[in-house]
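Here are my notes on the model you sent round, as numbered points. Have the viewer open while you read.

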Amino acid sequence: MKNPHLASYQFEVLRQYGDSFPAALFATIAEAAAYCRVELSGYLNRTDDRAEAASVAAGQQVRFRGPQGLRWVKGLTHPVPAGTAPARFNPGQTVRLFGVEQPLTVAARDFVQGAWHYQLKDGSGAVAEALLFGVDDEPTPPAAAVAAEPLLFSLHSSQILAGDEQGQPFWKPLPPRLFVQVQVGQPDQSRIVALCGTTGKRFLTHAYEHGPFQLADGQRLASVKALGDYFARQYRAMLPAEGAAMLLGVDGSIQEVRPVKGRTFKLAQLYAALGCDYIDVHHPQHGAYQDWILVFDDEGKFKERPINPLATALWYETYPLDQYSPVDVVAGPVLLMRSEMMR
């Protein structure tokens, strides 16, 4: 269906959750409603009421009911320019990532920096569409596909093996400005960078690349590649199961936590899990984690608690360093959970 409007696209129709049909993009809710009536023989509704004229906020879904069941009209988080091709893959669809053997599942998608990017359920970060292909398709090397920004994991609580003046080895704390930079799908490209807290610029440093490294829990990693592999693996596994939260430690550890009673967390349990007297809650308003919340020590920075590597990587993925200032970090242990688990 060709869109006659010159305005940026604001809405999309998901024909079926997880199927292989591409979405259809529209500039107005009225146009989306017309498409639903003609192509899918049904009507739009919000809850149980018909609402073809209802406004749709960014990321909000309006249900469509037809003979094949439910579909959705959804407000795009970032409007898509007119003439842009619809996304090839839907949330819930199984895909393959170029260079990765096992199939993966699409968790979410968004249109950023002029292209479709996908968040996969393994937590590997946003991936450009050109790097993905269907499970039955023959993989071909992408001509100019570029993955999203690399992930940055803080080394604030990590140490490196060094020698004193007498040549005796000891574990030396790493400066808080150091991060291991991990490019998704390119484990051999992990590098240690220094982050400028004012501009957000990263500077490659070779002074600490020799290793070995030791994490706060005593775990030792022999190289920068091993360090990057560890944090990337933890990042992929940090989303909790249904009905649970994940405690993200300052050493990159993850531990599933469930409410002591009922389906939601009470303040006393949050205080105990985070080791704090006051909590802060952040709810990302866009991106792959917009349905999640971060719960952390409100006084974490004041207490000079270590930077949390997983939570801060999530923060920079949501708020890219070249688009948001000033540079921020998340300090101390963090609970990652669905927003409905706190009432």
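1. I'll start with a pair of side chains: Trp315 and Tyr319 are both buried. Their rings form an aromatic pair that is tilted, at 5.1 Å centre to centre and with 50° between the planes. Keep in mind throughout that this is a predicted model.

2. How many aromatic pairs does the structure hold? The count is six. Another one of them is Phe153 with Phe231, and this pair is stacked, with the centres 5.4 Å apart and 15° between the planes. It ties together distant parts of the chain, since Phe153 sits in strand β12 (residues 151-154) and Phe231 in helix α2, 78 residues apart.

3. Are the two stacked rings on buried or exposed residues? Phe153 has 0% relative accessibility, so it counts as buried. Phe231 is buried too, at a relative accessible area of 1%. Both residues also belong to one aromatic cluster, together with Tyr230 and Tyr235.

4. Helix α2 itself covers residues 224-236. With 13 residues at 1.5 Å a residue it should span 18 Å, and its end C-alpha atoms are indeed 18 Å apart, so expectation and model agree. The buried residues of α2 are Val224, Leu227, Gly228, Tyr230, Phe231, Ala232, Gln234 and Tyr235. As background for reading that list, an α-helix has 3.6 residues a turn, so residues three or four places apart point the same way.

5. Gln234 deserves a click of its own. This α2 residue has 13% relative accessibility, which is under the 20% cut-off, so it counts as buried. What does Gln234 touch, leaving out residues up to four places away in sequence? The contacts are Gly252, Ser253, Ile254 and Leu310.

6. Ile254 leads us to a sheet, as strand β21 is residues 254-257. The sheet is open and has five strands in the order β21-β20-β24-β23-β22, with antiparallel pairing. β21 and β22 (279-282) stand at the edges with a single partner strand each, so one side of each has no neighbour in the sheet. From one strand to the next, the twist averages 25°.

7. Going through the pairings in that sheet, β20 (residues 245-248) runs antiparallel to β21 over four bridges. One bridge there puts Met246 with Glu256 of β21. Helix α3 (residues 267-274) packs on the sheet and touches β20, β21, β22, β23 (292-297) and β24 (334-338). The direction of α3 makes about 140° with that of β24.

8. Which residues of β23 are buried? Six of the six, so the strand is largely enclosed by the rest of the structure. β23 pairs with β22 in the antiparallel sense over four bridges, and there Asp280 stands opposite Phe296 of β23. With β24, the antiparallel pairing of β23 runs over five bridges. Val295 has Leu335 in β24 as its bridge partner.

9. There is also an open sheet of four strands, ordered β14-β13-β18-β19 and paired antiparallel. Its edges are β14 (169-173) and β19 (220-221), each with a single partner strand, so one side of each is left without a neighbour in the sheet. β13 (residues 159-163) pairs with β18 (residues 213-214) in the antiparallel sense over two bridges. Gln159 has Gln214 in β18 as its bridge partner.

10. On the cysteines: how many disulfides does the structure hold? Zero. Cys196 has a relative accessible area of 25%, so it is partly exposed. Cys276, in contrast, is at 7% and therefore buried.

11. Last, a loop residue towards the start of the numbering. Ala27 lies in the loop between β2 (24-26) and α1 (29-40). With 9% relative accessibility, Ala27 counts as buried. How far apart are Ala27 and Glu12 in space? They are 8.7 Å apart, C-alpha to C-alpha, while 15 residues separate them in sequence.

Terms used: Residues are numbered from 1 along each chain as its sequence is written. This is a predicted model: local features need pLDDT of at least 70, side-chain atom pairs count only at pLDDT 80 or more; totals for chains, interfaces and linings use all residues. Side-chain values use heavy atoms; hydrogens and water are left out. Two strands pair if DSSP finds at least two bridges between them. Axes are lines fitted to C-alpha atoms, for helices over the stretch in contact, and angles run from 0 to 180 degrees between N-to-C directions. Contact means heavy atoms within 4.5 Å. Buried means under 20% relative accessible area, exposed over 50%, partly exposed in between (1.4 Å probe, protein chains only). The expected span of a helix is 1.5 Å times one less than its number of residues. A disulfide is a pair of cysteine sulfur atoms within 2.5 Å. Rings of Phe, Tyr and Trp (its six-membered ring) pair if their centres lie within 6.5 Å; planes under 30 degrees apart count as stacked, over 60 as edge-to-face and the rest as tilted.
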